[in-house]
Amino acid sequence: MSTNDSAKILAAQKSLEFIQDGMVVGLGSGTTATHFIRLLGEKVKQGLKIRGIASSKASEDLAASLTIPIVDFNTCPEIDVTIDGADEVAPGLALIKGGGCALLREKIVASASKKFIIVADSSKVVPHLGAFPLPVEVIPMAAPLVTRKLQSLGIKPSIRHHSNGDDYITDEGNLILDCKCGTIEDPQKLAASIRQIVGVVEHGLFLNMANLALIASRDEVKELTP
């Protein structure tokens, strides 16, 4: 197991301290969130009583296989705590998410949460957002139009593909544009500009959303707050 994998598991283990009986728990997506879901499943088998709302079909399927009860927003309109990963964590807990292609549902789940906790290894902590390509989810019909609008903002977008060359299609039937931005000096301004483009469903800038980040290195977990 790599050092990063060990750190991800350490962060996921730490996040279990924030889960209590009776909670509705948001289940994130990606490698670190997967570790959390597996650990949570063990706790459920030991008697922990929670209900989960998943941020992707993959996370929902994994949780169901571990006998974690899955509900939706019709049943539970509010989430007590969501545990999810991030691709970049900058000061103020500004985040880039969506490298795992679930950014729309991840943002919906995060926005419905009383507490939103990020779990990550220390390699995800950066001084400025932007080294990781910013994912933007778009309606397929609008992809050429959105691409040109993003280029006019100084961004270099490209459609995400599977390894076989097929377009990657999200759970909601949309495309992902991975956008090379360089250092993002003003995340709020960029987020507003992208949201104004017709055909954009959502972007991977998660700003003023996270309450806490659990950042793990080889043998310790640090807590970062906004």
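A hairpin joins strand β12 to strand β13 through four residues, and I would like to start there and work outwards. Before going on, I should say that this is a predicted model, in which local features need pLDDT of at least 70 and side-chain atom pairs count only at pLDDT 80 or more, while totals for chains, interfaces and linings use all residues. Residues are numbered from 1 along each chain as its sequence is written, and side-chain values use heavy atoms, with hydrogens and water left out. When I say helix or strand, I mean DSSP runs numbered from the N terminus, H or I of at least four residues for helices and E of at least two for strands.

Back to the hairpin, then. Strand β12 covers residues 212–216 and β13 covers residues 221–224, and they pair in the antiparallel sense over four bridges, where pairing requires that DSSP finds at least two bridges between two strands. Within that pairing, Ala213 stands opposite Leu224 in β13. On another side, β12 pairs with strand β6, residues 113–121, this time in the parallel sense and over five bridges, and there Ala216 is the bridge partner of Asp121.

How many of the residues of β12 are buried? Five of the five are, so the strand is largely enclosed by the rest of the structure; buried here means under 20% relative accessible area, exposed means over 50%, and partly exposed is in between, with a 1.4 Å probe and protein chains only. In a regular strand the side chains alternate between the two faces of the sheet. In β12, Leu212, Leu214 and Ala216 point one way while Ala213 and Ile215 point the other way, and all are buried.

Following β6 onwards brings us to strand β3, since five bridges join β3 to β6 and the two run parallel, with Ile118 in β6 as the bridge partner of Asp84. Strand β1, residues 24–27, also runs parallel to β3 and is joined to it by three bridges, one pair of partners being Val25 and Val81. Five of the six residues of β3 are buried, so this strand too is largely enclosed by the rest of the structure.

One residue of β3 deserves a closer look, namely Thr82, in the strand that spans residues 79–84. At 1% relative accessibility Thr82 counts as buried, and its side chain is joined to that of Ser113 by a polar contact of 2.6 Å. A polar contact is a pair of N or O atoms within 3.5 Å, where within protein one must be able to donate a hydrogen and the other to accept it, and residues adjacent in sequence count only if both atoms are side-chain atoms. Leaving aside residues up to four places away in sequence, Thr82 touches Gly26, Val109, Ser113, Lys115, Phe116 and Ile117, contact meaning heavy atoms within 4.5 Å.

Turning to charged pairs, a search of the whole structure finds eleven salt bridges, each being a side-chain nitrogen of Lys or Arg within 4 Å of a carboxyl oxygen of Asp or Glu. Glu78 forms one with Lys114, the closest N and O atoms being 3.8 Å apart. Because Glu78 lies in the loop between α3 and β3 and Lys114 in strand β6, the pair ties together parts that are 36 residues apart in sequence. Glu78, at 44% relative accessibility, counts as partly exposed, whereas Lys114, at 52%, counts as exposed.

A second pair brings together the side chains of Glu202 and Lys107, at 3.1 Å from N to O. This pair links distant parts of the chain, with Glu202 in strand β10 (residues 200–203) and Lys107 in helix α4, 95 residues apart. Are these two residues buried or exposed? Both Glu202 and Lys107 are buried.

Finally, the cysteines. With a disulfide taken as a pair of cysteine sulfur atoms within 2.5 Å, the count comes to zero disulfides. Cys179 is in none, its nearest cysteine sulfur, that of Cys181, being 5.7 Å away, which is too far for a bond. At 0% relative accessibility, Cys179 counts as buried.
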